[in-house]
Amino acid sequence: MQAGGVAEFSPGNGAAPSGIAPALAGLRREARELWVTTNVPRIPWHPTALDFLRDHVATNSPVVLVDAPVPRWATDIDALQRAAPDAVLDVSWTPDGLGDSILNGRLFVRPHQRRQSLPSFLRALCAKNHAAALGDGDDEPRICGGVPYYSAQNDCLRRELPGLACDDLPDMLWAREAFGCDVDALNLWVGDGRSTTTMHKDHYENCYLVACGEKRFTLRPPVDLPLLHERRYAAATYQPVGVGGSLVSVVDEPPASVAWVTAAGGGAGEDGVGDIYVTLRAGEMLYLPSLWYHAVEQRGVTIALNWWYDMNMNAPAFLYYSFLRRLSGLS
Ligand SMILES: O=C(O)CCC(=O)C(=O)O
């Protein structure tokens with residue numbers, strides 16, 4: 001037992017005081033019976049703020065809004081290039097399309113970030129030979145054989161493409177009213193089927209709109225945390241090395257560690273406790289409530305936008321989640 005009387009408990013390590021593991025399994029079972037649906041509901045664009053707040057935000061339940069308007073400039077990559085030919089972006093490069101991922105079971109590795117013009121990024125995305133596409137004219141080291149993904153986050157649409165951030169966006173007043181605050185970050189995502197975002201959660205309310213292509217979200221509700229194998233990994237970053245420019249992982253200096261889940265397939269053996277899948281096509285927006293775990297795959301060239309709103313931490317859902325982390329031996 002730790003000081004304070006709460007047992008340190010990692011699922012399956014045998015250290016759980018009797019009663020905690022069955023209680024957590026009961027929580028997951030009841031969550032499936034009373035709250036989480038395997039088929040995420042689809043409702044028409046756009047709900048009233050009151051309906052959205054009552055039916056989805058207050059209950060922390062995902063929903064897909066269909067027939068959402070898509071900005072003209074986001075319907076394909078030609079339109080994007082025409083709309084912002086002079087933009088310069090922070091592009092993420094990985095050798096295998098896995099951004100923020102666990103490598104060899106021991107490192108948490110972040111993508112290499114490369115400052116590139118939008119046309120140079122789009123050429124690299126569409127080219128088969130990425131080393132040639134990135135060009136030798138750059139002052140920076142070449143990158144060979146990598147996968148580019150524009151996934152800069154942190155308000156990247158307003159920071160790096162400000163002209164587009166106020167051009168033809170859907171009306172999000174209903175979300176502003178429901179969350180009671182302005183959007184904190186407005187992000188653009190441009191990639192293709194080679195890139196996958198690994199399972200993680202955010203302290204944000206997320207409204208995620210696919211504008212072009214198709215994305216598949218794999219979801220797990222916050223109560224599944226004890227099954228998702230979270231632990232700390234040494235942090236590393238991909239860097240291009242040598243004249244060839246292969247991307248290799250280099251451990252961060254000074255050393256740091258990152259807590260991450262290795263999710264997939266957790267819950268085997270527990271009836272009804274498994275992954276929830278949602279496929280989004282162009283013109284569909286997922287409301288992904290705060291603290292829900294999600295992984296994202298894509299098909300074809302994809303363009304997506306998302307609006308992150310601060311989650312309300314003065315609320316029971318956040319406190320219960322923090323309690324669950326402590327019960328699970330996680331800080
Ligand atoms: O689209 C993606 O690749 C990831 C999206 C995501 O993780 C998010 O919006 O929090």
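Strand 17 (293–310) contributes the most to the shell around the ligand, with four residues, where strands are DSSP runs of E with at least two residues and helices are runs of H or I with at least four, both numbered from the N terminus. The model is predicted, so that local features need pLDDT of at least 70 and side-chain atom pairs count only at pLDDT 80 or more, whereas totals for chains, interfaces and linings use all residues. Residues are numbered from 1 along each chain as its sequence is written, and side-chain values use heavy atoms, with hydrogens and water left out.

The residues around the ligand, taken as those with a heavy atom within 4 Å of it, include Tyr 149, Trp 189, Thr 197, His 200, Asp 202, His 294, Asn 306 and Trp 308. An oxygen atom of the ligand lies 2.6 Å from a side-chain N or O atom of Thr 197, while polar side-chain atoms of His 294 and Asn 306 are found 2.9 Å and 3.0 Å, respectively, from an oxygen atom of the ligand. Of the 300 Å² of accessible area that the ligand has on its own, the protein covers 99%, as computed by the Shrake-Rupley method with a 1.4 Å probe. Two or more residues of the shell come from each of strand 10 (196–200), strand 11 and strand 17.

Aromatic contacts were searched for across the whole structure, and 13 pairs were found, a pair being rings of Phe, Tyr and Trp (its six-membered ring) with centres within 6.5 Å, stacked if the planes are under 30 degrees apart, edge-to-face if over 60 and tilted otherwise. Trp 35 and Trp 292 form an edge-to-face pair, with 5.7 Å from centre to centre and 75 degrees between the planes. Because Trp 35 lies in the loop between helix 1 (20–34) and strand 1 (42–44), and Trp 292 in the loop between strand 16 (284–288) and strand 17, this pair ties together parts that are 257 residues apart in sequence. Trp 35 is partly exposed, at 27% relative accessible area, whereas Trp 292 is buried at 2% (buried is under 20%, exposed over 50% and partly exposed in between, with a 1.4 Å probe and protein chains only).

A stacked pair is formed by Tyr 204 and Trp 308, with 4.8 Å between centres and 0 degrees between the planes. Tyr 204 belongs to strand 11 (residues 204–220) and Trp 308 to strand 17, so that the pair links parts of the chain 104 residues apart. Tyr 204 is partly exposed at 22% relative accessibility, and Trp 308 is buried at 5%.

Definitions and conventions: A polar contact is a pair of N or O atoms within 3.5 Å; within protein, one must be able to donate a hydrogen and the other to accept it, and residues adjacent in sequence count only if both atoms are side-chain atoms.
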